[in-house]
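Trainee: Got a minute to go through this one with me? I'd like to get a feel for how it packs.

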Amino acid sequence: MKNKTDHKNPTANQNAEGSERARPILHQQAHEIQPYGKIAKLPIALDQQVCATSVELLNQILADTITLRDLYKKHHWQVAGHTFYQLHLLFDKHFDEQSELVDAIAERIQLLGGISIAMAADVAETTFIPRPPRGREEAPVQISRMLEAHEIILKEARTVARQAADAGDDGTNDLLVSQVIRTNELQVWFLAEHLVDVPLVRADNAKAAASGS
Ligand SMILES: [Fe+2]
């Protein structure tokens, strides 16, 4: 809407027009430019059907990776006990590494012409990782929960990596093998060693000798 012309004050008119043009246009709406599930093919020398299959499979791994990433942050905040500081830091390191995987998987989906799952509600509907309680859990339970999540992702990443290689989608295979699988395997090691029941100070043999048995 144009302001009324003020003949007595041309500078005021210029200011009004100037600010009119600089004003942000808010509350805009339109149809989506690409519906979810449809492929907007890019010239990457891959068949559209190959892209569509990789996109669908990668979105499952993306939803599960976002869920595991968020599980790490939940446990980073809520961890308790003697190993609080160590686990607090470790969980955040793994969170950062999972965040990088989330970005790499999501951007691979986009470059394949697909649409990456992004929002929490869509992730919650898609993920295979069981929902944890809102409350706090003991550290061994937190770790067990994350080990199960890692194994779900590793299983699907290995299957999809093989399928992608067979279909000629080497980029997806490489992402899954050299980033997703390697990172998850390493994190499993760092977590699982915390569930090995070894004494902190006195060796088991020493305890047995002291009790005379
Ligand atoms: Fe923090």
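**Helix packing and the core**

Mentor: Sure, let's start with a pair of helices: H2 passes H3 in a left-handed crossing. Keep in mind that this is a predicted model.

Trainee: At what angle do H2 and H3 pack, and how far apart are their axes?

Mentor: The angle is about 160°, and the axes are 8 Å apart. Angles over 145 degrees count as roughly antiparallel, so H2 and H3 are roughly antiparallel to each other.

Trainee: And how do the residues of that contact between H2 and H3 divide by class?

Mentor: You get 14 nonpolar, 8 polar and 4 charged residues where H2 meets H3.

Trainee: OK, zooming out. How many helices and strands are in the protein chain?

Mentor: The count is 7 helices and 0 strands. Read from the N terminus, the order is α-α-α-α-α-α-α.

Trainee: What percentage of the residues count as buried?

Mentor: Of the 213 residues in the protein chain, 26% are buried.

Trainee: What about contacts between residues 24 or more positions apart?

Mentor: Taking the contacts with a separation of 6 or more, 74% are between residues 24 or more positions apart.

Trainee: Back to the inside, then. Which residues touch the most other members of the largest nonpolar core?

Mentor: That core has 35 residues, and Ile61, Leu62 and Ile105 are the ones with the most fellow members in touch. Helices H2 (48-78), H3, H5 (139-167) and H6 each give two or more residues to the core. H2 gives the most, with 11 residues.

Trainee: Let's pick Leu62. What does Leu62 touch, leaving out residues up to four places away in sequence?

Mentor: Leu62 touches Val102, Ile105, Ala106, Ile109, Ser116 and Ile117. Ile105 turns up again there, and Ile105 is also one of the residues that touch the most other core members.

Trainee: Switching to H3 and H6, how close do their axes come, and at what angle do they cross?

Mentor: The axes of H3 (residues 84-111) and H6 (residues 170-192) come within 11 Å and cross at roughly 170°. H3 and H6 are therefore roughly antiparallel to each other. H3 passes H6 in a left-handed crossing.

Trainee: Which residues of H3 and H6 meet?

Mentor: From H3 you have Leu90, His94, Glu97, Leu101, Ala104, Ile105 and Arg108. On the H6 side they meet Gly171, Thr172, Leu175, Gln179, Val180, Thr183, Gln187 and Phe190. By class, the contact of H3 with H6 comes to 7 nonpolar, 6 polar and 2 charged residues.

Technical notes. Residues numbered from 1 in each chain as written. Predicted model: local features only at pLDDT ≥ 70, side-chain atom pairs only at ≥ 80, totals over all residues. Axes fitted to C-alpha atoms, helices over the stretch in contact; angles between N-to-C directions. Helix = DSSP H or I, 4+ residues; strand = E, 2+ residues; numbered from the N terminus. Parallel < 35°, antiparallel > 145°, perpendicular 65-115°, else oblique. Left-handed = near helix turned anticlockwise from the far one by under 90°. Contact = placed C-beta atoms within 7 Å. Nonpolar A, V, L, I, M, F, W, Y, C, P; charged D, E, K, R; others polar. Core = buried A, V, L, I, M, F, W, Y, C linked by C-beta atoms within 7 Å. Buried ≥ 20, exposed ≤ 12 C-beta atoms within 10 Å, placed from the backbone.
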